[in-house]
Amino acid sequence: MSSNRPVVVLAEELSPATVEALGPDFEIRQSDGTDRQRLFADVADAEAIMVRSATTVDAEVFSHAPRLKVVARAGVGLDNVDIKAATAAGVMVVNAPTSNIVSAAELTCAHILGLARHIAPATQALKGGEWKRSKYSGVELQDKVLGVIGLGRIGGLVAERMKAFGMELIAYDPYVTSARAHQIGAQLVSLDDLFAKADVITIHMPKTPETLGMLNREAFEKMKDTAFVVNVARGGLVDEADLDAALAEGLIGGAAIDVFSSEPSTDLPFFGRENVVVTPHLGASTSEAQEKAGVSVARSVRLALAGELVPDAVNVAGGAIDELVRPGIPLVEKLGRVLNALASDAFTDIETEAAGELAEHNVDALQLAALKGLFTDVVSEQVSYVNAPVLAEQRGIATRLTTTPDVEDYRNALTVRGATASGVNLEVRGTLTGPKQIEKIVGVNGYDLEIPLTDHLVIFEYADRPGVVGALGRILGEAEVNIAGMQVSQDTREERALAVLAVDAALPAGVLDTIAQEVGAALAAEVDLEDRT
């Protein structure tokens, strides 16, 4: 029997620590991601699905999971998740990008040591009854040159660890500064210089069109004929045919490969060479890495289902959220919903502005929240931080985010502005006040006011004259709608006024039109901000 708790589907076996990290707030449902029909049934009412590498999560899965909010891959790679389809469905995709870095770095170091001392072929010979002590004489790593291609997190860890063996470090990475390399103890050089000088070359680059086949025949020809090549990063970075030819011709001294262009691979030509060590993609295959990955994505699932932006989400551009910025996210989302309620036609332009102390911080998440609010009451599909920018792009809406340190009356103020197809400019401004960070509207279309944001708001703009407030009270009273709060702001130059009313419940049908007609309102809008989760 299903509970009222959100359903999280575990499509593959995950560690007890992963389930523990999810906590007691969810209904955990074990499934089999390789059984598509069972998976479709299990995700029908699920809000999250957690996978490793065996489960394919594609558009077909999303079509069977209308309530799905997040897909979590307990690992680094995302080849089995259709990120484009997830984004279109408004589903956040998270992974554990740092979970395996230590394991991958340690395997790289193990391969370097194994090549230097011929551990694999010596083991195989001895197990075969042969004592070949003289044949497998190796080399010391001390004073040898390690060339690291890609000095990111894993490459940096490898460099630091191999420095302890007395190796000289050189590196190629166009995105790393000399200062960062110096911190690690490496000297940045050109790629050709690295090929020419290094005794051991290890590659730690992402797989892109530019890096595909980066270590090819041309590169091998520039290396020492004693050089060892190691790839524990991505299959395809090393041209496998060229590697086999280089080994056959003695262009390099040996290779250690953990990843392949096509996996599983069990019979590549160089597998039979004695100076080659191969492993079946073991970079992340440690109990520690697997547990780190599971626990990391479990925490991300908790954040996502709580409506938070997740720093590790691969299809959300919000990034890490500063604690000063975080309280503004629900506020600016509500401002987006208010702005939409004020509009009588489609928007062509949306601007989100953060003013005050917030201007010193990364406020990208605020723009996502504003767009999410803008579309919440417009489209039938689920709107999230993920697909809100996509919805804006599909509708041809230009979006921008601005910041300014200048603000009057408040420490911080958030504004959402919009221009509509008919040329109307609209603006809603809000702030958070007091120790309890109370959400308030402090401006609408240039009118200054201050009223708490409640679940039900009614907004009118009209020609300023006596009797309007009384008419509002009378009509709402007759409709049995209680006014919880009200503010009127006047524009004495234009002899116009704007009233914002907080009411206890949604207006009965026709009441808004009745008020608009009686007071001659140029603008009449009802805003429903009740939580829809």
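Helix α12, which spans residues 287-305, lies across the strands β1 (7-10), β3 (46-51), β4 and β5 of this predicted model, and the helix runs at about 165 degrees to β3. The strands beneath this description belong to an open sheet of 5 strands, arranged in the order β2-β1-β3-β4-β5 with parallel pairing. At the edges stand β2 (27-30) and β5 (92-94), each of which pairs on one side only, and neighbouring strands of the sheet are turned by 20 degrees against each other on average, with direction ignored. At one end of that order, β4 (residues 70-73) and β5 run parallel and are joined by 3 bridges, and here Ala 72 stands opposite Val 94 in β5. In general, strands of a sheet pair through backbone hydrogen bonds, in either the parallel or the antiparallel sense.

The antiparallel sense appears further along the chain, where strand β15 (residues 412-420) pairs with strand β16 (residues 425-433) over 6 bridges, with Val 416 standing opposite Val 428 in β16. The hairpin of β15 and β16 has 4 residues between the strands, and in this hairpin Gly 423 takes a positive phi near 90 degrees. Strand β16 is in turn joined by 6 bridges to strand β17 (residues 438-444), the two running antiparallel, and Thr 431 stands opposite Lys 440 in β17. β16 and β17 also form a hairpin with 4 residues between them, in whose turn Gly 434 has a positive phi of about 75 degrees.

A packing of two helices can be followed in the pair α13 (residues 328-342) and α14 (residues 364-376), whose axes are 7 Å apart and which pack at an angle of about 40 degrees; their crossing is right-handed. On the α13 side the contact is made by Gly 328, Ile 329, Val 332, Glu 333, Gly 336, Arg 337, Leu 339 and Asn 340, while α14 contributes Ala 365, Leu 366, Ala 369, Ala 370, Lys 372, Gly 373, Leu 374 and Thr 376. By character, the residues of this contact divide into 8 nonpolar, 5 polar and 3 charged.

Finally, a single residue deserves a look: Asn 231 lies in strand β10, which covers residues 228-231. Asn 231 has a relative accessible area of 1% and therefore counts as buried, since the cut-off for that class is under 20%. When residues up to four places away in sequence are not counted, Asn 231 touches Ile 203, Leu 237, Val 238, Ala 256, Ile 257, Asp 258 and Val 259.

Definitions and conventions:
Residues numbered from 1 in each chain as written. Predicted model: local features only at pLDDT ≥ 70, side-chain atom pairs only at ≥ 80, totals over all residues. Heavy atoms only, no water. Axes fitted to C-alpha atoms, helices over the stretch in contact; angles between N-to-C directions. Left-handed = near helix turned anticlockwise from the far one by under 90°. Contact = heavy atoms within 4.5 Å. Nonpolar A, V, L, I, M, F, W, Y, C, P; charged D, E, K, R; others polar. Buried < 20%, exposed > 50% of the residue type's maximum accessible area, 1.4 Å probe, protein only. Pairing = 2+ DSSP bridges.
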